[in-house]
Amino acid sequence: MSDEKKPESKVDHTPPADDKKVKESPLEEAIAEVGELTPEARASKTPLSADVQAAVDRAAEIQAADPAAQTTSEPSDAPAAELAERAASSGDAGAAKGSDAAAERAAARAARAASRAAAEPTGEPASAGAETPAPADAGDDEKAAKAQAAAEARAARASARAAKPESAEPEAPKEPSPNQPLLDRLVNILKADVGEDAVVDAFINERDAHRPYVVIHSSRWSQAAQTLRDHEELRCDYLRNLSGVDQETHLEVAYHLLSLTHKNEYCVKVKTDREQPSIPSVAPVWPTANWNEREVYDLLGIDFPGHPNLVRIMMPDDWVGHPLRKDYEPLDPEV
């Protein structure tokens, strides 16, 4: 081998022509995240530090030179770790790890905080990461405003429901209930067998599975009960339940009847006066009425003439008043 030294090869450090475009630094990426300042921020007289002002000016220059660099209409709140990760993924790992990059990211964050502070209505600077405490009564005022708005909304909805639009089309005629023929036949049978004055009212209760309802005059109730039980087309041979109701203007008893033969259900109501309430007993017709009538007598004070043993069933015999009446006032409030 020759001892002659070979000429050292010169390393060409000139970047290729394709790499002349230098990648954006983390500062430029952070500034790009800041975006364009709002008009309120530009009009604000809040003083900014030199570093923050430089970052803001640089962001404005980049935005003016390349509008495509603006990727969002709001300032980004990405943490420094996220910005460093972006810088590392773009190939500028050395700059992302350096102290200068950290300072630049801090300046960008400060610029974003300053732009938010400049947009405050009071115009006073707000420290980064700290929120201006609201007045003590701000929460109460806000709650009052919300309550008032909710009340106005409810009133508007009620007015809209009450006021029928002039342009609204007339409602289509309501379809008859599938149990309307059953109700009509019941009314005809009661009027024919008991009397024309036996049925006070008749209707279909759509909420109760279209159940036929009839209101019977109390003086005709004993005969009507026998007709309901014995008529061949009705055969209401089972009293499912009876209950008393205080309607304030009057008292009434509702009888829920079932025909085990025809599988039909009816409801019969009998009204009575509040001062001297009295309805003939149907315990001789349907034995299940025995204890139910005693309960109504005990809690509402309705008398059932013809009952075999009409005594209190829940309250003591010496109890004063009837607890299910709406005007009931106990002698001892603590009881």
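1. Setting aside residues up to four places away in sequence, Arg211 contacts Asn179, Phe203, Ile204, Asn205, Glu265, Tyr266 and Cys267. The model is predicted, and the remarks below should be read accordingly. Arg211 lies in strand β2, which spans residues 211-216. With a relative accessible area of 15%, Arg211 is buried, because the cut-off for that class is under 20%. One member of its contact list, Glu265, also meets Arg211 through a polar contact of 2.5 Å between the two side chains.

2. A second charged residue to consider is Glu233, located in the loop between α9 and β3 (238-246). Its relative accessibility is 39%, so Glu233 is classed as partly exposed. Not counting residues up to four places away in sequence, Glu233 touches Arg185, Ile189 and His262. The side chains of Glu233 and Arg185 are joined by a polar contact of 2.8 Å. As for His262, this residue is 29 residues from Glu233 along the chain, and the C-alpha atoms of the two are 8.0 Å apart.

3. The next point concerns helix packing. Helix α8 (residues 180-193) packs against α9 at an angle of about 125 degrees, and the axes are 10 Å apart. The two helices are therefore oblique to one another, since an angle counts as roughly perpendicular from 65 to 115 degrees and as roughly antiparallel over 145. On the α8 side the contact is made by Leu186, Ile189, Leu190 and Asp193, and on the α9 side by Gln223, Ala224, Thr227 and Leu228. The crossing of α8 past α9 is right-handed. Ile189 thus appears in two settings: in the contact with α9 and among the residues touched by Glu233.

4. The aromatic residues deserve a separate comment. Three aromatic pairs are counted in the model. In one of them, Trp221 and Tyr255, the ring centres are 4.7 Å apart and the planes stand at 45 degrees, so the pair is tilted. The partners come from distant parts of the chain, 34 residues apart: Trp221 belongs to helix α9 (residues 221-230) and Tyr255 to strand β4 (residues 251-259).

5. Are Trp221 and Tyr255 buried or exposed? Trp221 has 0% relative accessibility and so counts as buried. Tyr255 likewise has 0% relative accessibility and is buried. Together with Trp286, Trp221 and Tyr255 make up one aromatic cluster. Helix α9 thus contributes Trp221 to the tilted pair with Tyr255, while residues including Ala224 and Leu228 of α9 take part in the contact with α8.

Conventions
Residues are numbered from 1 along each chain as its sequence is written. This is a predicted model: local features need pLDDT of at least 70, side-chain atom pairs count only at pLDDT 80 or more; totals for chains, interfaces and linings use all residues. Side-chain values use heavy atoms; hydrogens and water are left out. Rings of Phe, Tyr and Trp (its six-membered ring) pair if their centres lie within 6.5 Å; planes under 30 degrees apart count as stacked, over 60 as edge-to-face and the rest as tilted. Helices (H or I, at least four residues) and strands (E, at least two) are DSSP runs, numbered from the N terminus. Buried means under 20% relative accessible area, exposed over 50%, partly exposed in between (1.4 Å probe, protein chains only). A polar contact is a pair of N or O atoms within 3.5 Å; within protein, one must be able to donate a hydrogen and the other to accept it, and residues adjacent in sequence count only if both atoms are side-chain atoms. Contact means heavy atoms within 4.5 Å. Axes are lines fitted to C-alpha atoms, for helices over the stretch in contact, and angles run from 0 to 180 degrees between N-to-C directions. Angles under 35 degrees count as roughly parallel, over 145 as roughly antiparallel, 65 to 115 as roughly perpendicular and the rest as oblique. A crossing is left-handed if the near helix is turned anticlockwise from the far one by less than a right angle, and right-handed if clockwise.
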